[in-house]
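Me: I would like to work through this model slowly, one question at a time. Could you take me through the reasoning behind each answer?

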Amino acid sequence: MNPETDNTNLNIQITRYLAGEASPQEIEDLLHWIEQSDENRRYFIRQQDIWSALNPVFDIEEIDMEKSERSIMFKTGIKGNGFIITFRKFVKFCSRFAAAAFLPLLAVALYFFIQSRDSGQQMISVKTTYGCTSQATLPDGTDVWLNANSTIQYPAKFKEDTREVILNGEAYFDVQSDKAHPFKVSTTYLSVTATGTQFNVNAYDPSASVTLVEGKVDVDTPFDRISLKPGDHLAMHNGIPQVDKAIDTEKYCSWKEGVIIFDDERLDKICSTLHHIYGVEFEIAPELTSRTFHMVLRGENLQEILHFLEMTAPVRCIPDEESSSTDSIRISQKIYIKSK
């Protein structure tokens, strides 16, 4: 096979998918390719980012260039007639090309301009899509693994007195030790303070949890500050923190290695986890919600997981065809789980 031809065909297939023009078979083939390796997922995400930049959701015809220019000058603090005149000439020159391609590039250029002026005030955001994980290294050397459908925000340069990040979703942290500058993870439901340690924070929803692998952390809840030791797992139940000790931390942290463990977990809890990872909604028959399952998943896609459920229990997993979606790597938006 010709590698260049293969790559061209793949890019065409991804473009058709992102444009909503792919057939059901093409979507299935692409999903299968994405799930084959992390490298494939990363390549898809890069192509998705490029597509988003070159295909903005706004209408170019409705853009007031003069108003946008004034807004940009004000927000970036750019002053001086000389620069403005140069800027206008640059815009006029670039307007000869496709506006859809130019404006995203202009936005990127302005981002780096602003960042170079005051990098300490700029926030960096890392976001994962459904079905994908990511890894990042923070300015202090802390390593972060980000689970699917999650976002972490942090400054380009930490302040002198603290290291604080904002998390929506789930992440595993390997914090660089620095007792003089505490590391803080803020979420909607709780916050975690550490100096140098390894821990997992799951903050997808109000049943947020913290699992400590090494070191020591303090967890601030709406009620109290609770100190955890290695092997402790704190979870919020109806707004009240509950700590389980000497637990198997792999159960809560193995996802960063591509492994998901359900150890005698209720079906409603399993579906909640799958919802956060794959972006699907589940409607479970009342008599099945408390049924428990033991599963160890190693890279299986959603279809394979649902098939496993049907093989191990008298249940049927029925996709709602009317809610099918092609705007992400989700298989469908809603799945009914019923008794056979």
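Reply: Let us begin with a pair of strands in this predicted model. Strands E8 and E9 run antiparallel and are joined by five bridges, and the chain passes from E8 to E9 by way of a hairpin of five residues.

Me: Which residue in E9 is the bridge partner of Gln198?
Reply: E8 covers residues 198–203 and E9 covers residues 209–214, and the two strands run antiparallel. Looking across to E9 from Gln198, we find that its bridge partner is Glu214.

Me: Which strand pairs with E8 over six bridges, and what stands opposite Asn200?
Reply: The strand in question spans residues 163–174 and pairs with E8 in the antiparallel sense, and this strand is E5. As for Asn200 in E8, the residue that stands opposite is Tyr172.

Me: Are the residues of E8 buried or exposed, whichever way they point?
Reply: Gln198, Asn200 and Asn202 point one way from the strand, while Phe199, Val201 and Ala203 point the other way. A residue counts as buried when its relative accessible area is under 20%. Six of the six residues of E8 meet that description, so the strand is largely enclosed by the rest of the structure, and the answer for its residues is buried.

Me: Which residues are the closest to the centre of the second largest pocket?
Reply: The second largest pocket holds about 640 Å³ of space. It is lined by 30 residues, and those closest to its centre are Asn202, Tyr252, Glu265, Lys269 and Thr273.

Me: How many residues in the lining of the second largest pocket are charged?
Reply: Among the elements that give two or more residues to this lining are E8, E9, E14 and H8. Sorted by character, the lining residues of the second largest pocket comprise eleven nonpolar and 13 polar ones, and the charged ones number six.

Me: Which element gives the largest share of the lining of the largest pocket?
Reply: The largest pocket contains about 1,000 Å³ of space, and of its 36 lining residues the closest to the centre are Thr128, Gly131, Cys132, Thr133 and Ser134. The elements that give two or more residues are helix H3, strands E1, E2 and E14, and helix H8. The largest share, six residues, comes from H3.

Me: How many polar residues are in the lining of the largest pocket?
Reply: The lining of the largest pocket can be divided into three groups, of which the nonpolar one has 13 residues and the charged one has nine. The remaining group is the polar one, and its count is 14.

Terms used:
Residues are numbered from 1 along each chain as its sequence is written. This is a predicted model: local features need pLDDT of at least 70, side-chain atom pairs count only at pLDDT 80 or more; totals for chains, interfaces and linings use all residues. Side-chain values use heavy atoms; hydrogens and water are left out. On a 1 Å grid over the protein atoms alone, a cavity is a set of points where a 1.4 Å probe fits but cannot get out, and a pocket is an open set with protein on both sides within 12 Å along at least five of seven lines; lining residues have an atom within 4 Å of a point. Grid points are joined across faces, edges and corners, and a volume is the space filled by probe spheres set on the points. Helices (H or I, at least four residues) and strands (E, at least two) are DSSP runs, numbered from the N terminus. Ala, Val, Leu, Ile, Met, Phe, Trp, Tyr, Cys and Pro count as nonpolar, Asp, Glu, Lys and Arg as charged, and the others, Gly among them, as polar. Buried means under 20% relative accessible area, exposed over 50%, partly exposed in between (1.4 Å probe, protein chains only). Two strands pair if DSSP finds at least two bridges between them.
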